[in-house]
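Thank you all for coming. I would like to walk you through one structure this morning, so please bring up the sequence and the model side by side before I start.

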Amino acid sequence: MNINNNTLVVGGGIVGASFALSLAKRQYPVTLIDVRPYLSPADWEQKLKLRDARVFALSLASIQILQQIGAWQNIQQSGRKADYCQMQVWQINGIGELKFGNNTKPNQLLGSMIEPFVIEKALYERFNDADIVPFLRVINGRKLTKIHWLGVQQGYQISLDNGDTHTCKLLIGADGRGSMVRQEAGIGLDMLDYAQTAICCAIKTAKTHNATARQVFLTDSILALLPLADTDGQDQAQPQHWQSIVWSLPTEKAKQLLALTPGELANEIAFASGYALGEISEIQSIASFALTAQHAKQYVKANLALIGDAAHGVHPLAGQGLNLGLLDVIDFINILQKDFERSGKKVWADFSTLQRYERKRYANNAMMMHSFSGLNWLFGSQFAPVQQIRNVGVHKVSKIKPLMQFFSKQASGI
């Protein structure tokens, strides 16, 4: 069976689903292909029974995007989000610390920490709404096997593992860091291996997180303590005690820590943080992943574009990976719509339109990737003169209010 599509999105994660919903909400027909099987409401509920140690730190800009496509309301109704109003960054052996927030409005929102499945469920619930259904077709449980360019006028033909083929004028690769769309299109990567591993887990601390995201730079690693939502009645009776941990370490040290018992690992985390939130009474969902950065050498070809992790992947130290992907979505959608309307609604996704998207996002994403790599090196350096410059620099920056306000605005994404 061959099906003709105007726009086809490969990858049903948060960025791909957000792109598809953004098009459908504006009444542009789109097909979304997700390799994962269809999940019923009962399946989603089962997945959400377990607390996920991973969270995404959604910026205000990302929250606005989710509001625009109608998914944020579903997240709010779930109760599975932890808003934060402050960010605190310090060095374990340094002087000074950086605090981000609004001193005149201490409860003003900076962002929200949300588990991945909570966001995905909110997006997938939106697929069934009356204003979306006429314009969005979702194919679950099918894997891309091949793509073939038919020329500018026809676009791409893709093949799925069930033998179906689809033709589309615009093919979107939103299929993650190992993107098959990117590979099949022959787009290369610039890659950086940090020789680090991140340990993730959820912990319950003696002290409350007080709606504050924390990050401490240790002598050889970076430890983030991020607020987690209170998921049940017991948590809600004593709120703000659960945190998500992301501890970025040299791989050999990470292996040693992962070999410990859960209780021993909890003690190591509490000690590493300087007991900033006291003792740890519970630890759940321990996991790990290797840390790398990558950037596609180009984002577009005729009739094809990459978004999100398929285009770029950054170090998690600032929690900006998903935020960058959602900014890809909103910028690209706006460019697509503007150029389509300029053409009298006759030309969809002309190559010049795709190039405008690439110019808009490529340099910004590259700058962010290299900035995070630079920070990772700066705070991980064991060279004494670098440590001294770093310590004095943090202390000086913390005293410059306009600069701190600028950093806060950059973190918000708006």
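Let me begin with a pair of strands, β12 and β15, which run antiparallel and are joined by 9 bridges. If you want one place to look within that pairing, find Ile-199, which stands opposite Trp-247 in β15. β12 also pairs with β16, again in the antiparallel sense, and there the pairing extends over 14 bridges. An example from that second pairing is Gln-196, whose bridge partner in β16 is Leu-291. For orientation along the sequence, β12 covers residues 189-205, β15 covers 242-250 and β16 covers 280-296.

Before going further I should say that this is a predicted model, and a word on confidence is in order. The mean pLDDT of the chain is 87, with 84% of its residues reaching 70 or more. The stretch to treat with caution is residues 383-412, where pLDDT stays under 50 and for which the model has 42 contacts beyond four places in sequence.

Now to the chain as a whole, which has 13 helices and 19 strands. Of its 414 residues, 51% count as buried, and the accessible surface comes to about 18700 Å², of which 53% belongs to carbon and sulfur atoms. If we take the contacts between residues at least 6 apart in sequence, 74% of them join residues that are at least 24 apart.

With that background, let us return to the strands we started from and ask what lies against them. Helix α9, residues 262-272, has Leu-265, Ala-266, Ile-269, Ala-270 and Ala-272 buried. Why do these residues lie on the same side of α9? They do so because they cover an arc of only 165 degrees around the axis. What covers the buried residues of α9 includes the three strands I have just described, β12, β15 and β16, together with β14 (222-227) and helix α8 (251-258). After α9 comes Gly-274, whose phi is positive, near 70 degrees.

The other region I would like to show you is an open sheet of 3 strands, with the order β3-β7-β4 and antiparallel pairing. Its edge strands are β3, residues 56-59, and β4, residues 82-84, each of which pairs on one side only. From one strand to the next, the twist averages 30 degrees.

Let us take the two pairings in turn. β3 and β7 pair in the antiparallel sense over 4 bridges, and within that pairing Ser-59 has Gly-111 of β7 as its bridge partner. On the other side, 3 bridges join β4 to β7, residues 111-114, and these strands too run antiparallel. Here Asp-83 has Ser-112 as its bridge partner in β7, while Tyr-84 stands opposite Gly-111.

That leaves one question about this sheet: are the residues on the two faces of β7 buried or exposed? As a reminder, in a regular strand the side chains alternate between the two faces of the sheet. In β7, Gly-111 and Met-113 lie on one side, with Ser-112 and Ile-114 on the other, and all of them are buried, which leaves both faces of the strand covered.

I will stop there, and I am happy to go back to either region while the model is still on the screen.

Terms used. Residues are numbered from 1 along each chain as its sequence is written. This is a predicted model: local features need pLDDT of at least 70, side-chain atom pairs count only at pLDDT 80 or more; totals for chains, interfaces and linings use all residues. Side-chain values use heavy atoms; hydrogens and water are left out. Buried means under 20% relative accessible area, exposed over 50%, partly exposed in between (1.4 Å probe, protein chains only). Contact means heavy atoms within 4.5 Å. Accessible areas come from the Shrake-Rupley method with a 1.4 Å probe; for residues, only the protein chains shown count as cover. pLDDT is the predictor's confidence in each residue, from 0 to 100. Two strands pair if DSSP finds at least two bridges between them. Axes are lines fitted to C-alpha atoms, for helices over the stretch in contact, and angles run from 0 to 180 degrees between N-to-C directions. The arc is that of the directions from the helix axis to the C-beta atoms.
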